[in-house]
Amino acid sequence: MKQIDQDKNQSINYSEFVLATFNKLKLIENSRLEQAFRIFNKDGSGSISIDKIKGIFGCNDSGCQR
Ligand SMILES: [Ca+2]
């Protein structure tokens, strides 16, 4: 809680609330993205081929499906 209360006035104003929420969401997003990357990076090479990315998003040489 002290970290959220940036100006240490013992209350959380709107901008402090937004910042704290944003930081929390960013952490969640980052861990989700990492999980997703690991799922697609099955061979553990640390990179995903462009062909694989195209497959994931339903794309081929003529474009992407919606
Ligand atoms: Ca405050």
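# Questions on a predicted chain

Visitor: Does lysine 8 count as buried or exposed?

Guide: Lysine 8 has 7 C-beta neighbours inside 10 Å. A residue is buried if 20 or more other C-beta atoms lie within 10 Å of its own, exposed if 12 or fewer, and partly exposed in between, with C-beta atoms placed from the backbone. Lysine 8 therefore counts as exposed.

Visitor: What kind of model is this, and how are its residues numbered?

Guide: The model is predicted, so local features need pLDDT of at least 70 and side-chain atom pairs count only at pLDDT 80 or more, while totals for chains, interfaces and linings use all residues. Residues are numbered along each chain as its sequence is written, starting from 1.

Visitor: What is the average pLDDT of the protein chain?

Guide: pLDDT is the predictor's confidence in each residue, from 0 to 100. In this chain 95% of the residues score at least 70. The chain average is a pLDDT of 88.

Visitor: In which element is confidence highest?

Guide: Helices (H or I, at least four residues) and strands (E, at least two) are DSSP runs, numbered from the N terminus. Confidence is lowest in strand β2, residues 63–64, at a mean of 82. The highest value, 92, belongs to residues 14–40, which form helix α1.

Visitor: What pattern does the protein chain follow along the sequence?

Guide: The protein chain contains 2 helices and 2 strands. Read along the sequence, their pattern is α-α-β-β.

Visitor: What is the radius of gyration of this chain?

Guide: The radius is taken over C-alpha atoms, and the globule rule is 2.2 Å times the number of residues to the power 0.38. For 66 residues the rule gives 11 Å, and the chain is well over that, so it is more spread out than a compact globule. The radius of gyration is 19 Å.

Visitor: What percentage of the 66 residues is buried?

Guide: The C-alpha trace spans about 55 × 30 × 10 Å along its principal axes. In α1, the count of buried residues among its 27 residues is 0, and the helix is hardly covered. For the protein chain, the buried share of the 66 residues is 0%.

Visitor: How far does α1 reach from its first C-alpha to its last?

Guide: The expected span of a helix is 1.5 Å times one less than its number of residues. With 27 residues, α1 is expected to span 39 Å. Its reach is close to that value, at 38 Å.

Visitor: Which phi value does glutamine 10 have?

Guide: Glutamine 10 is in the segment before α1, as is lysine 8. Lysine 8 has a positive phi of about 55° although it is not a glycine. Glutamine 10, also a residue other than glycine, has a positive phi near 70°.

Visitor: What distance separates the C-alpha atoms of lysine 42 and glutamine 10?

Guide: Lysine 42 lies in the loop between α1 and α2 (50–56), and is exposed, with 9 other C-beta atoms within 10 Å. Glutamine 10 counts as exposed with 8 C-beta neighbours inside 10 Å. The two residues are 32 residues apart along the chain, and their C-alpha atoms are separated by 47 Å.

Visitor: How far apart in space are serine 15 and isoleucine 4?

Guide: Serine 15 is found in helix α1 and counts as exposed, with 10 C-beta neighbours inside 10 Å. Isoleucine 4 is 11 residues from it in sequence. Their C-alpha to C-alpha distance is 9.9 Å.

Visitor: What exposure class does alanine 20 fall into?

Guide: Alanine 20 lies in helix α1. It stands 32 Å from isoleucine 48, C-alpha to C-alpha, at 28 residues apart in sequence. With 16 other C-beta atoms within 10 Å, alanine 20 is partly exposed.

Visitor: Which residues does the EF-hand annotation cover?

Guide: The annotation "domain: EF-hand" comes from an unreviewed UniProt entry; its positions are in the numbering used here, feature names are shortened, and annotations may be inferred rather than shown by experiment. Over that range the chain is 56% helix and 8% strand, with end C-alpha atoms 31 Å apart. The annotation covers residues 28–63.
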